[in-house]
Amino acid sequence: GSGASNRPGSDFLATRKTSFMRPTSLLKRVSVCALIAAAGWSMGCNQEDQVEAELRRADVLLSTLTVGGYTPIADRDRKREDLQWVINRLTGKPAQGVPKSMKSVFPADLPASVNATASEIPSQKAAANLLVGRAQAGLAEMHAQEQQDKEEALLNQIEVIRAGIGEFTSLSALAKGLTQYDPASDVAALEAQIEQRRQELARQTSAKAALDAKIADLHQRSQHATDEANTARARESELRAQMNGVSETRRAELLEQATQVKRSADALEVQAANLLAEAAKEEPEASTVESRVALANQQISLLQQAIADSQERARRNGEGAQRTLGQAQQAAQRVEASIAEAKGLRSNADNPASDALRLYAQALASAKQAVGAASDAGTKTNANGASGSYAQATGDIHAARARGLSQFAAVLNSAASGQFPLPQASSYKSDSQQFASQAAEARKAAMEAYGDAIGFYEKAGFKERAEQVKSKLES
């Protein structure tokens, strides 16, 4: 089939809160029986052929890993073992025992595994390779999710580095002017910044009040509509109760009235639900604005402290200069420690990315084998669609890696090239150039993978999906 699910090339992969690199699959779970029947194989799906039995068992196990496109299995190790068990059973490798989830379904004394991916029967070979590809993609997705988490951790750490560089730069600039320090100009500048923050605070406070009022109004209107709907429901019940023991003419009149009241209640309930949905849409923005209010207050507090520091430095010029230089050095040390931590995160993100890319490459190879083995157009379409999904997932991994590398290169360049370069500026400059080069390579790899995905989708006739991937190339 070509229905949509939530993961590349399979519907048993976990859907997560963020989808910054996960393509929507174009393939639902491939039915082994359907593939065999589509290929015109004379042996029916009820015949106890070992290869066919292995295909059915693999199909059943993979399907149990999914409910409505979401993975219900929280035990990652168990899921990994189940996916590897499918791969081993269909490729002739040793597969110990029966998966725990299948002990009541599969016989305990399974025969030795068989290399179904090399079956001489085209329909079996195609089905086996598609199922192996699904399992390989499932393993890849687990590593891809780990990469995503670590890329996000790295991006958060980069923000810490940027803040540290800003602190170091500010302190260094302050220390430079302390020996001939006249606080008047600095105090004026700080007060101007405070005024800007206060204006921003006023804007954000006003925006928050407006959003709160809007949300409250929507909730009030929704409740009002609900109350009216409840009243209408009660009226409907009264009218229907009056139908007992009356003439047919009166009964018809009461039924008409009750029907009209019911429609009114239905409309009011829809209106209440829509109002609540509209309120829910506003709530994230209200939360964002509230964060901006807190940030503005924090910035004002910091700036006010800076004014106090400036006045103190004016009184104790030399002492203040020495103290600020010490603070700048401490800030530099914190930045150096943050950069070292970020380098570790960068390396940690590359490891699962490499594993995911390796497994998606295997899944893609399996899907290509299915294309070659398929003897009917429907199976070729499924296999090409799976190939496109795995290639797109590969592109997403490269793209995510390119984003992380690019941002890390930029922040390292900032650390090396600012007005007040950090002590390890030359090393940071070299690292920045290295990461920038790796980012370019990753972007190139992503574009190539997306190009491959487009080709596979077009072969499968998935024009809309191909257009979506093309938009990634253009962005």
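This report describes the helices of one protein chain, how some of them pack together, and a few residues inside them.

## Overall make-up

The model is a predicted one, and the description below should be read with that in mind. The protein chain holds 10 helices and 0 strands, so that from the N terminus on its elements run α-α-α-α-α-α-α-α-α-α. Of the 475 residues in the protein chain, 44% are buried. Among the contacts with a separation of 6 or more, 75% join residues that stand 24 or more positions apart.

## Helix H3 and its surroundings

Helix H3 covers residues 76-91, and its 16 residues, at 1.5 Å a residue, should span 22 Å, which agrees with the 23 Å found between its end C-alpha atoms. The buried residues of this helix are Lys79, Asp82, Leu83, Trp85, Val86, Ile87, Asn88, Arg89 and Leu90, a list in which Lys79, Asp82 and Arg89 stand beside residues such as Leu83 and Trp85. What covers these buried residues includes helix H2 (50-64) and helix H4 (122-177). Just after H3 comes Gly92, which takes a positive phi of about 80°.

## Three helix pairs

Two packed helices are described by the angle between their axes and the distance between the axes. The table gives these values for three pairs in this model.

| Helix pair | Angle between axes | Distance between axes |
|---|---|---|
| H2 and H4 | about 30° | 10 Å |
| H7 and H9 | about 20° | 14 Å |
| H9 and H10 | about 165° | 9 Å |

For H2 and H4, the angle of about 30° is under 35 degrees, and the two helices are therefore roughly parallel to each other. Their crossing is left-handed. On the H2 side the residues in contact are Val51, Glu52, Leu55, Ala58, Asp59, Leu62 and Ser63, and these meet Gln124, Ala127, Ala128, Leu131, Arg134 and Ala135 in H4. By class, this contact has 8 nonpolar, 2 polar and 3 charged residues.

H7 (residues 317-373) and H9 (residues 425-460) are likewise described as roughly parallel, because their angle of about 20° is under 35 degrees, and H7 and H9 therefore count as roughly parallel to each other. The crossing of H7 and H9 is left-handed. Here Glu336, Ile339, Lys343, Arg346, Leu364 and Lys368 in H7 meet Tyr428, Asp431, Phe435 and Phe456 in H9. The contact of H7 with H9 has, by class, 5 nonpolar, no polar and 5 charged residues.

Helix H9 also packs against helix H10, which is made up of residues 463-474. With an angle of about 165°, which is over 145 degrees, H9 and H10 are therefore roughly antiparallel to each other. H9 passes H10 in a left-handed crossing. Met447, Tyr450, Ala453, Ile454, Tyr457 and Glu458 in H9 meet Arg465, Ala466, Val469, Lys470, Lys472 and Leu473 in H10. Sorted by class, the contact of H9 with H10 has 8 nonpolar, no polar and 4 charged residues.

## Three buried residues

Ala127 has its place in helix H4, and it is one of the H4 residues that meet H2. With a relative accessible area of 0%, Ala127 is buried. Its C-alpha atom is separated by 9.5 Å from that of Glu52, although the two residues are 75 residues apart along the chain.

Glu151 also lies in helix H4. At 3% relative accessibility, which is under the cut-off of 20%, Glu151 counts as buried. Leaving out residues up to four places away in sequence, Glu151 touches Arg346, Ala349, Ala400, Arg401 and Gly404. One of these, Arg346, is in H7 and belongs to the residues of that helix that meet H9.

Ala370 lies in helix H7 and, at 0% relative accessibility, counts as buried. The C-alpha atoms of Ala370 and Ser123 are separated by 8.9 Å, while the two residues are 247 residues apart along the chain. When residues up to four places away in sequence are not counted, Ala370 touches Ala126, Asn129, Leu130 and Ala383.

Note on methods: Residues are numbered from 1 along each chain as its sequence is written. This is a predicted model: local features need pLDDT of at least 70, side-chain atom pairs count only at pLDDT 80 or more; totals for chains, interfaces and linings use all residues. Side-chain values use heavy atoms; hydrogens and water are left out. Helices (H or I, at least four residues) and strands (E, at least two) are DSSP runs, numbered from the N terminus. The expected span of a helix is 1.5 Å times one less than its number of residues. Buried means under 20% relative accessible area, exposed over 50%, partly exposed in between (1.4 Å probe, protein chains only). Contact means heavy atoms within 4.5 Å. Axes are lines fitted to C-alpha atoms, for helices over the stretch in contact, and angles run from 0 to 180 degrees between N-to-C directions. Angles under 35 degrees count as roughly parallel, over 145 as roughly antiparallel, 65 to 115 as roughly perpendicular and the rest as oblique. A crossing is left-handed if the near helix is turned anticlockwise from the far one by less than a right angle, and right-handed if clockwise. Ala, Val, Leu, Ile, Met, Phe, Trp, Tyr, Cys and Pro count as nonpolar, Asp, Glu, Lys and Arg as charged, and the others, Gly among them, as polar.
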